[in-house]
Amino acid sequence: MASFALFLFTLIVLSSSCRYAIGSPNNKTFLSLASRIGINYGRLGNNLPSPYQSINLIKSIKAGHVKLYDADPETLMVLSQTNLYVTIMVPNNQIIPIGADQAAADNWVTTNVLVHYPKTRIRFVLVGNEILSNNSDQDKQVWVSLVPAMRKLVTSLRARGIHNIKVGTPLAMDVLRTSFPPSSGAFREEVAAQVMLPLLKFLNGTNSFLFLDVYPYFPWSTDPVNNPLDFALFQSNSTYTDPQTGLVYTNLLDQMLDSVIFAMTKLGYPNVRLAISETGWPNAGDIDETGANILNAATYNRNLIKKMTANPPLGTPARPGSPIPTFLFSLFNENQKLGSGTERHWGILNPDGTQIYDIDFSGTKPVPSPGSLPKPSNNVPFKGNVWCVAVEGANEAELEQALSFACGHSNATCAALAPGRECYAPVAITWHASYAFSSYWAQFRNQSSRCYFNGLARETTTNPGNEHCKFPSVSL
């Protein structure tokens, strides 16, 4: 009986939250924000266009909002010549000083907002980036400073007569302890009371948004054999019914969003609005990163835009009809991002500005046929051996440094390259580097090493060795 009462209470609260969102006094502004699909403009690449060229490219794809990962003055000056809404960010390393000192918050607002506003149409200031995903002792000091920093920034903005810039912080889905089924959504115990409760109180009091970085690719790819791909790409004819609420789901994104709504409800804040600060699908990746391909990326992002620009808004099963401001990740493939191959392949544009696949952010054009896109070969996990070799045309001086790094961690890594040994010949930097990369990767992959070496290496399923020299490999 108690669980049934809780179930009824949850449904009543969620339905009231939906009415709250749609019927709020600033509904017109909210709908305008939510109907403009945004793009994340990251710049971790050494081959990217200038801010001026990049902003023109953003306009060409008809994005309505651009999210920066800083408050770069050159980019904000270029944006002042456009009608784009703009989101800027406070770096993680400035959260503690701003949280401790109103003067520091005032200085940040003066330097990064007042210089550009209102000509540049800044609408959100996001404080930090996924700070609850890091949990060292130093990181936890940042956790404690988050909400005080957000409060001081709002105080500074309002003291200067600025009331239409909302302050928030983007969180990854690992803020949840449980997320499936959606009704079981709950925040991690170490952040629930200490961080999320005051954060939700702040967002509720300022009528701001809980910003989420939501990537259906990641939960789908943990078990691509049993998780239906179409359900993750908004193309499924099947549904999932939450056993506790009876809510019916047709896609993975809605499940993830509603799990956060239920987590907020359990803390007593069901009415806080959601915004998606990042979502997308990788267009390529490492060989073991199943499903990272152009067709899936185009399908996900095209269907996402169709869903989020629907008029009237679709919302989610827990909040039907509620608009959700959304930023797609990302504008470019960024070749200097660290980590696995997918990290460098979330873009909708190549560095030269050409589209990786056709996409229209306005949501007014019919979704293009996927027939012109390359047919994927990696929607099922690869089984076999993989080697790590030097990329074609790599700088020889950089290869030498990477070779020294790979061989310097263990005497066994490059023993076969010694003079007179089986892999010494041919005496060429590319050959020696390829052997060293494969050997190092095979030896240390279980310790999270990557076949990357600052962009000098790539994975291959073609055995690079010969009858005399056997290259170590990774077995998938």
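## A first look at the fold

Helix H12 (residues 294-308) lies across strands E12 and E13, and its direction makes about 165 degrees with that of E13. Welcome to this predicted model, a chain with 14 helices and 16 strands. A good place to begin is the nine-stranded open sheet, whose strands pair in parallel. After that come the strands around E14, and then the chain as a whole.

**The nine-stranded sheet**

- Reading across the open sheet, the strand order is E5-E4-E3-E2-E1-E13-E12-E9-E6, and the pairing is parallel.
- At the edges sit strand E5 (166-168) and strand E6 (170-172), each of which pairs on one side only.
- On average, and ignoring direction, neighbouring strands of this sheet are turned by 25 degrees against each other.
- Helix H11 (residues 252-266) packs on the sheet, where it touches strand E9 (209-213) and strand E12 (273-279). The direction of H11 makes about 135 degrees with that of E12.
- For background, the strands of a sheet pair through backbone hydrogen bonds, in either a parallel or an antiparallel way.

**Strand E1 and its neighbours**

- Which residues of strand E1 (residues 38-41) point one way, and which the other? Gly38 and Asn40 point one way, Ile39 and Tyr41 point the other way, and all are buried.
- On one pairing, E1 runs parallel to strand E2 (residues 65-68), and four bridges join them.
- Within that pairing, Gly38 stands opposite His65 of E2, while Ile39 has Val66 as its bridge partner.
- E1 also pairs with strand E13 (residues 326-328), again in the parallel sense, over two bridges.
- In E13, the residue opposite Ile39 is Leu328. Ile39 therefore has a partner in E2, namely Val66, as well as one in E13.
- E1 and E2 also belong to a right-handed β-α-β unit, in which helix H3 (residues 51-60) is the helical part.

**Strand E14 and its antiparallel partners**

- Strand E14 (residues 385-390) has six residues, and five of them are buried, so this strand is largely enclosed by the rest of the structure.
- E14 pairs with strand E15 (residues 457-460) in the antiparallel sense, over four bridges.
- One of the residue pairs here is Ala390 of E14 with Ala457, its bridge partner in E15.
- E14 is also joined to strand E16 (residues 474-475) by two bridges, and these strands run antiparallel.
- Where E14 meets E16, Asn385 stands opposite Ser475.

**The chain as a whole**

- How does the radius of gyration fit a compact globule, and what is its value? The chain has 24 Å, which agrees with the value near 23 Å that a compact globule of 476 residues would have.
- Along the principal axes, the C-alpha atoms fill a box of roughly 80 × 55 × 45 Å.
- Of the 476 residues, 53% count as buried.
- The accessible surface comes to about 20,900 Å², and 53% of that surface belongs to carbon and sulfur atoms.
- Among contacts between residues at least 6 apart in sequence, 73% join residues at least 24 apart.

Definitions and conventions:
Residues are numbered from 1 along each chain as its sequence is written. This is a predicted model: local features need pLDDT of at least 70, side-chain atom pairs count only at pLDDT 80 or more; totals for chains, interfaces and linings use all residues. Side-chain values use heavy atoms; hydrogens and water are left out. Buried means under 20% relative accessible area, exposed over 50%, partly exposed in between (1.4 Å probe, protein chains only). Two strands pair if DSSP finds at least two bridges between them. A crossover is right-handed if, with the strands pointing away from the viewer, the path from the first strand over the helix to the second runs clockwise. Axes are lines fitted to C-alpha atoms, for helices over the stretch in contact, and angles run from 0 to 180 degrees between N-to-C directions. Contact means heavy atoms within 4.5 Å. The radius of gyration is taken over C-alpha atoms; the globule rule is 2.2 Å times the number of residues to the power 0.38. Accessible areas come from the Shrake-Rupley method with a 1.4 Å probe; for residues, only the protein chains shown count as cover.
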